[in-house]
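Subject: Structure handover and notes

Dear colleague,

Please find below the structure that I promised to pass on to you. My notes on it follow directly after.

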Amino acid sequence: MGKKSTPRRLEAHEAMAKHCNLRVSPQKLNLVAGLIRGMHVSEALNTLEFSHKRIAEDVYKTLVSAVSNAENNHGLDIDNLFVKEAYVGKAMVMKRMRARARGRSARILKPYSHLTVIVEEQKGVA
């Protein structure tokens with residue numbers, strides 16, 4: 001007797017992709033994730049491709065991964081997909097020290113983030 005499998009957290013017409021430990025602050029990543037929330041996937045990919053933000057490339061890869069998961073793992077039609085959720089979580093923070101004047105030191109915080117993208121298939125939308 002093995003352990004029972006956990007039930008699927010998403011609906012049958014949804015797919016998800018996560019990108020963990022992105023080297024950017026959650027506040028900056030949330031600006032880019034906010035650009036694509038609620039958009040059709042093709043519009044979101046175009047928006048990210050021409051964005052000037054450095055982290056937009058990683059968000060683009062995560063969105064492509066979510067679309068691939070929807071097509072290959074769940075059999076969803078990629079023409080009817082839209083970004084249902086794109087949310088950011090806080091990850092670890094590396095703490096570093098910097099030498100300052102008069103023998104003192106200052107703390108440097110290097111934050112990391114998690115990105116989760118959920119795409120959903122809309123029926124009857126062309």
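**What surrounds the first helix**

The buried residues of α1 are covered by several elements, including β1, α2 (41-49), α3 (56-72), β2 and β3. Please keep in mind while reading that this is a predicted model. The buried residues in question are Leu 29, Val 32, Ala 33 and Ile 36 of α1. They sit on the same side of α1, because the arc that they cover around the axis is only 100°. An α-helix has 3.6 residues a turn, so residues three or four places apart point the same way. On the face of α1 that is turned away from this buried side one finds Gln 27, Lys 28 and Leu 31, which are exposed. After α1 comes Gly 38, which has a positive phi, near 80°.

**Overall layout**

The protein is built from three helices and three strands, and along the sequence these follow the pattern β-α-α-α-β-β. With a radius of gyration of 19 Å, well over the 14 Å that the globule rule gives for 126 residues, the protein is more spread out than a compact globule. The C-alpha trace spans about 70 × 50 × 15 Å along its principal axes. Of the 126 residues, 32% count as buried. Among the contacts with a separation of 6 or more, 70% come from residues that are 24 or more positions apart.

**The sheet**

The three strands form an open sheet in the order β1-β3-β2, and their pairing is antiparallel. At the edges lie β1 (14-22) and β2 (81-99), each of which pairs on one side only. From one strand to the next, the twist averages 10°. Helix α1 (residues 26-36) packs on this sheet, where it touches β1, β2 and β3, and its direction makes about 165° with that of β2.

Strand β3 (residues 105-121) is joined to β1 by seven bridges, the two strands running antiparallel, and in this pairing Glu 14 has Glu 120 of β3 as its bridge partner. Between β2 and β3 there are 16 bridges, again in the antiparallel sense; here Gly 89 has His 114 of β3 as its bridge partner. Five residues lie between the strands in the hairpin of β2 and β3, and in this hairpin Arg 102 takes a positive phi near 60°.

One residue of β3 that I looked at individually is Thr 116. Is Thr 116 buried or exposed? Its relative accessible area is 4%, so Thr 116 is buried, the cut-off for that class being under 20%. Leaving aside residues up to four places away in sequence, Thr 116 touches Met 16, Ala 17, Lys 18, Glu 85, Ala 86 and Tyr 87.

**Salt bridges**

Side chains of opposite charge can pair when their charged atoms come close. In this model the count comes to three salt bridges, and I take them in turn.

In one of them, the side chains of Glu 14 and Lys 84 meet at 2.5 Å, N to O. Because Glu 14 lies in strand β1 and Lys 84 in strand β2, this pair ties together parts that are 70 residues apart in sequence. Glu 14 is buried, with a relative accessible area of 3%, whereas Lys 84, at 35%, is partly exposed.

Another salt bridge links the side chains of Glu 57 and Lys 61, at 4.0 Å, N to O. Both residues belong to helix α3, where Glu 57 and Lys 61 are four residues apart, about one turn of the helix. Glu 57 has a relative accessible area of 52% and is therefore exposed, since that class begins over 50%.

The remaining one pairs Glu 121 with Lys 123, whose closest N and O atoms are 3.6 Å apart. Glu 121 counts as buried at 9% relative accessibility, while Lys 123, at 67%, counts as exposed.

With best regards

Key: Residues are numbered from 1 along each chain as its sequence is written. Side-chain values use heavy atoms; hydrogens and water are left out. Two strands pair if DSSP finds at least two bridges between them. Axes are lines fitted to C-alpha atoms, for helices over the stretch in contact, and angles run from 0 to 180 degrees between N-to-C directions. Contact means heavy atoms within 4.5 Å. Buried means under 20% relative accessible area, exposed over 50%, partly exposed in between (1.4 Å probe, protein chains only). The arc is that of the directions from the helix axis to the C-beta atoms. The radius of gyration is taken over C-alpha atoms; the globule rule is 2.2 Å times the number of residues to the power 0.38.
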